[in-house]
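User: Could you take a close look at one part of this model for me, the place where two helices pack against each other in chain A? I would also enjoy a short tour of whatever else helps me find my way around.

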Amino acid sequence: MSATPSTLRRPGLRIGGLAGRISGRGVARVALSLLGGLSFLGLWAALSEWAFEPFVLPSPFAVVENMVALLEEGIVAEAFLKSLYKTMMGWGAAVAIGLPIGLLMGRFRYARAFFHDLVYLLANVPLVVYAVVSLVIFGISDIGPAFVVMLLVLPAVAINVAAGVASADQGLISMSRSFRRDGGTVARYVIIPAVLPFLLAAARVTFADSWKLEALTETFGSSSGVGFQIHKAFTTFSVLDALSWMMFFVIFIVIVERVLLAPSERRIFAWRNPGAARDSM
Amino acid sequence: MGAAEGLPGVDPRDSDIDRSDVIDVPLGETRRWWSFLASDTAAVWTARILALLIWQMAGSAIDRIPTPIEVGEFLVEHADLLLPNIWVTVQTAAVALTIILVVGTLLGFAMGRWWPVRYFFTDLVMVLIALPAFIWALLAVMWWGFDDIGPIFVASISATPILIVNTRQGAQAVDGDLQKMSAAYNVPVMRQFRKLVLPTMSEYIIAGFRFAVLAAWGAILLVEFFGSEEGIGFQAAFWYDAGSFTGMIAWGFVMLVVIVAIDKIVMEPVLRRTRRWRAETTGWSM
C-alpha cells in the first residue's frame with residue numbers, strides 16, 4: 001500500500017537559489033510530463049503514417065508547417081484580435097449588468113430568490129443553444145457573439161459578487177455603522193475589497209468557456225474571427241486547417257490561463273489562504 | 001473548469017442554488033395579506049412571469065424573435081417528432097456517459113493515487129480541457145460523416161477530462177493519516193476502499209459527473225447539428241435550413257428543458273445524497 005500523495009509532498013532541498021528548486025521529484029515530474037506529450041504526438045504521427053490517409057489525419061509535422069504558413073499570412077493575429085474584441089465586449093456588458101444584480105443578491109433575500117432561476121438557467125444552457133439564439137436574433141453580425149458571451153458570463157459574475165458581499169466582514173460593517181460612517185466609505189473600504197477577488201474568480205472560472213462560446217457562435221454565423229476561420233476549414237473540408245486552428249486555440253487558452261490569470265489570481269488571493277498546498281494542475 | 005481549485009470563487013453550475021436554498025420565510029406576527037408578496041415563492045414566480053412577459057414583448061416588437069406562444073404552438077403541432085428525437089439523443093448520451101464514467105473515474109483515481117501517472121497525464125488533460133467541443137464536432141463530421149460514432153467520440157473526448165480532474169481531486173482529498181492508520185492496523189484493502197476512499201471520492205465524482213453530463217449533452221447536440229439525420233440537434237439544424245426561426249428556437253428550448261430536467265431529477269438528488277454526511281453545505285448561502 002503506497003503512501004498518499006499528501007504524505008509524499010515534501011519541499012525540495014532548501015540549499016538556496018536555483019538549486020533549492022531542483023529535487024528528484026521535480027526532475028521526474030518534468031520528464032514524465034514531457035513523456036506524456038511526446039507519446040501523444042508519437043501516437044498521432046503513427047496513426048497518420050500507417051492508419052489513415054494524410055488528408056484524413058495529417059501528421060503533426062504537417063500541421064506545424066501549416067501553422068507557420070498561417071502565421072506568416074497574418075490572418076491568425078487578425079482573427080484572434082477580432083474574437084478577443086468581441087469576447088471583451090460581452091465581458092464588459094456582463095460585469096456592467098451582473099455587478100448590480102450580484103450586489104442585490106448578496107444584500108437582499110428577495111433579490112436572491114428573484115434572480116435564482118435566471119442564474120441557474122443561464123448557467124445550464126448548452127452552448128449550442130446560445131449560438132442558435134445569437135443566430136436568430138442578430139443573424140450574421142458582430143453583436144451576436146458578444147451578446148451570448150454576456151449571457152454566459154452574467155451568472156458567474158452575479159453569483160460571485162453575491163458571494164463576495166456575503167463574505168464581507170459583518171463586524172466591520174456594524175462597527176462602521178456604530179461610528180456613523182456613510183455608505184460610500186463602507187462600500188469603499190469594506191464591500192469592494194471583499195467583492196473584487198470574487199469578481200476576478202468569476203473571470204477565471206468563465207474565461208475558457210466564454211472563449212469557446214465566442215468561437216462557436218462565429219462558426220454558426222459570422223464573417224470574421226477564429227470561429228469563422230474554423231468554419232471555413234470545415235466547408236473546404238480541410239482537416240489540416242481545422243487541426244492548425246485547434247492548436248492555435250489551445251495555445252491561446254493555455255497562455256492566457258497560465259501566464260495571465262493564474263499568477264494574478266495567486267497574488268490577489270495570497271492574503272486569503274497562506275500556505276495552502278496547491279498541487280498545480 | 002475546475003480551475004479555481006481551493007480558492008474562493010463560485011462556479012454558478014456548482015453552487016448550491018437549488019430549491020432547498022429558497023425556503024419561505026415564516027410570515028411575521030402581523031399576517032397582512034401583502035406580506036406574501038415578500039416571500040421567496042412570490043419572488044421566484046414574479047421573476048418567471050416577468051421573464052415570459054419580456055420574451056413575449058420582445059417577440060411582438062422584433063420580427064425575428066418568435067414569441068413564447070408561437071414556440072408553444074409549434075411544439076404542439078410537431079408533438080409526434082418530440083419523443084423519437086429526444087430518445088435518440090438521450091440514448092447516445094447514455095452510451096457516451098457510460099464510457100465517460102468508467103474512463104474518467106479510473107484515470108482520475110490513478111492520477112490522484114500515483115504521482116507518476118499524475119504527471120504523465122496532467123498536461124494532456126489540460127490540453128483536452130482547453131479544446132472546444134465544436135472543433136471536435138466539425139472534425140468528427142469530416143472523419144465519420146453521419147455515423148453514430150461521431151457524437152459518442154466527441155462527447156467522450158470533451159467531457160471525460162472534466163471528470164478526470166474532479167476524481168483526481170477526490171482521490172487526493174482522502175485522509176492520509178487515516179490511510180496510514182488503516183495500513184498499520186491491517187485493515188483489509190476492500191474495507192479501506194469502502195469505508196474511507198469511496199465516501200470521500202463519491203462527492204467529487206458526482207460533482208464532476210454533473211459537469212460532464214452538461215458538457216456531453218452540449219457536445220452531442222453540436223455533432224447532431226453539424227452532421228446527423230436524427231436527434232434534437234438535427235431538428236434544430238433542419239428547421240434553420242427550412243428558414244423557420246420558430247422551429248429552431250423551439251428545438252433549442254427542448255435541448256434546454258431536457259438537460260434541466262435531467263439535472264433536477266437525477267443529478268441533484270444524487271449530489272445531495274453524497275453530501276449528506278457533511279455537517280453543513282459548502283455553498284455560498286449564508
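Analyst: Happy to help, and one term comes first: a residue counts as buried if 20 or more other C-beta atoms lie within 10 Å of its own, and as exposed if 12 or fewer do. Please keep in mind that this is a predicted model.

With that cut-off, 42% of the 286 residues in chain B are buried. Chain B holds ten helices and zero strands, so its order from the N terminus is simply α-α-α-α-α-α-α-α-α-α. Of the chain B contacts with a separation of 6 or more, 73% join residues 24 or more positions apart. The domain assignment splits chain B into domain 1 (17-67) and domain 2 (81-274), and the centres of these two domains, taken over C-alpha atoms, are 33 Å apart.

Now for the helix pair you asked about. In chain A, helix H6 (residues 127-138) packs against helix H9 (residues 183-220) at an angle of about 50°, and their axes are 9 Å apart. Because of that angle, H6(A) is oblique to H9(A). The crossing of H6(A) past H9(A) is right-handed. On the H6(A) side, the contact is made by A:Leu127, A:Tyr130, A:Ala131, A:Ser134 and A:Leu135. H9(A) contributes A:Lys212, A:Leu213, A:Leu216, A:Thr217 and A:Phe220. Sorted by class, this contact has seven nonpolar, two polar and one charged residues.

While you are in chain A, have a look at the loop between helix H10 (226-235) and helix H11 (239-268), where A:Phe237 lies. A:Phe237 is not a glycine, yet its phi is positive, at about 55°. A:Phe237 counts as exposed because it has 11 C-beta neighbours inside 10 Å.

Chain B has a residue to set beside it. B:Asn186 sits in the loop between helix H7 (176-184) and helix H8 (189-226) of chain B. B:Asn186 also has a positive phi of about 55° without being a glycine. Buried or exposed, then, for B:Asn186? It counts as exposed, because there are 6 C-beta neighbours inside 10 Å.

To find the helix contact on screen, you could start from A:Tyr130 of H6(A) and A:Leu216 of H9(A), which are among the residues that make it.

Key
Residues numbered from 1 in each chain as written. Chains lettered and ligands numbered in written order. Predicted model: local features only at pLDDT ≥ 70, side-chain atom pairs only at ≥ 80, totals over all residues. Helix = DSSP H or I, 4+ residues; strand = E, 2+ residues; numbered from the N terminus. Contact = placed C-beta atoms within 7 Å. Axes fitted to C-alpha atoms, helices over the stretch in contact; angles between N-to-C directions. Parallel < 35°, antiparallel > 145°, perpendicular 65-115°, else oblique. Left-handed = near helix turned anticlockwise from the far one by under 90°. Nonpolar A, V, L, I, M, F, W, Y, C, P; charged D, E, K, R; others polar. Domains from an automatic or database assignment.
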